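The exercises below are meant to be worked through with the sequence and the 3D view at hand. Try each task before reading its solution.

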Amino acid sequence: MIKHGRNYLLRLRQLNGDIREIEPPITLEFDVRRNILHSANVAAFRIYNLSAAVRNEIVKDVSDIDLNLEVYLYAGYQNNIPMIFQGNIKQAWSHRQKVDFITEVQAYD
């Protein structure tokens with residue numbers, strides 16, 4: 001609750017089939033775009049400084065269309081965190097940016 005009561009829960013299906021839950025104090029940046037026309041809603045997540053073991057489990061190549069990995073984002077304030085996105089991971093990878101390790105996830109519903 002160090003960020004003015006903001007709260008989130010990100011659930012990701014990993015390569016081994018387990019669900020990984022990510023929550024504060026891990027830093028998460030997200031962008032969810034809702035469309036009203038005939039195109040998919042999309043979301044982008046940037047997760048900062050996960051352990052190497054967790055980063056290696058959150059990986060998906062964009063060309064691997066047979067692998068369906070779900071993602072759920074709940075976000076709000078304090079204990080009121082409704083689901084704001086549910087979809088499938090399009091691609092996921094990790095990289096280093098200066099002193100941070102960033103895991104990026106792109107998803108669609």
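**Exercise 1. Find the average pLDDT of the chain, and name the elements with the lowest and the highest mean pLDDT.**

Begin with the whole chain, which averages a pLDDT (the predictor's confidence in each residue, from 0 to 100) of 92, with 97% of the residues scoring at least 70. Next, turn to the elements, where helices (H or I, at least four residues) and strands (E, at least two) are DSSP runs numbered from the N terminus. Among these, helix 1, residues 52–57, has the lowest mean pLDDT at 92, while strand 4 has the highest at 98. Keep in mind that this is a predicted model, in which local features need pLDDT of at least 70 and side-chain atom pairs count only at pLDDT 80 or more, whereas totals for chains, interfaces and linings use all residues. Residues are numbered from 1 along each chain as its sequence is written, and side-chain values use heavy atoms, with hydrogens and water left out.

**Exercise 2. Work out the order of the strands in the sheet, and state which strands stand at its edges.**

Step one is the order: the seven strands form an open sheet arranged 2-1-5-6-7-4-3, with antiparallel pairing, where two strands pair if DSSP finds at least two bridges between them. Step two concerns the edges, which are taken by strand 2 (19–22) and strand 3 (28–33); each has a single partner strand, so one side of each is left without a neighbour in the sheet. From one strand to the next, the twist averages 25°, an angle taken between axes that are lines fitted to C-alpha atoms, for helices over the stretch in contact, and running from 0 to 180 degrees between N-to-C directions.

**Exercise 3. Follow the pairings of strand 1 and of strand 4, and give residues that stand opposite each other.**

Take strand 1 to begin with: seven bridges join it to strand 5 in the antiparallel sense, and Leu9 stands opposite Tyr74 of strand 5. Strand 1 also pairs with strand 2, again antiparallel, over four bridges, and here Arg11 faces Glu21 as its opposite residue. These two strands form a hairpin with five residues between them, and Gly17 in the turn has a positive phi of about 95°.

Now move to strand 4, residues 42–48, which pairs with strand 3 in the antiparallel sense over six bridges. Asp31 stands opposite Ala44 in this pairing, and Leu28 is opposite Ile47. Strand 4 is also joined to strand 7 by seven bridges, the two running antiparallel, and the bridge partner of Tyr48 there is Ile102.

**Exercise 4. Describe the largest nonpolar core, and then examine the surroundings of Phe45, Ile47 and Thr103.**

The largest nonpolar core (a set of buried Ala, Val, Leu, Ile, Met, Phe, Trp, Tyr and Cys residues joined through side-chain atoms within 4.5 Å) has 20 residues, and those with the most contacts inside it are Leu10, Leu12, Ile22, Phe45, Ile58 and Val71. At least two residues of this core come from each of strand 1 (6–13), strand 4, strand 5 (70–77), strand 6 (83–97) and strand 7 (100–108).

Leaving aside neighbours within four places in sequence, Phe45 is in contact (heavy atoms within 4.5 Å) with residues including Leu10, Val71, Phe85 and Thr103.

Ile47 lies in strand 4 and, at 0% relative accessibility, is buried (under 20% relative accessible area, with exposed meaning over 50% and partly exposed in between, for a 1.4 Å probe and protein chains only). Its C-alpha atom is separated by 9.8 Å from that of Leu10, although the two are 37 residues apart along the chain. Not counting residues up to four places away in sequence, Ile47 touches Leu10, Ile22 and Thr103, among others.

Thr103, found in strand 7, is also buried, with a relative accessible area of 0%. Its side chain makes a polar contact (a pair of N or O atoms within 3.5 Å; within protein, one must be able to donate a hydrogen and the other to accept it, and residues adjacent in sequence count only if both atoms are side-chain atoms) with the side chain of Ser94, at 2.9 Å.

**Exercise 5. Which peptide bond is cis, and what is its omega?**

The cis peptide bond joins Pro24 and Pro25, with omega about 20°, and Pro25 is placed in the loop between strand 2 and strand 3.
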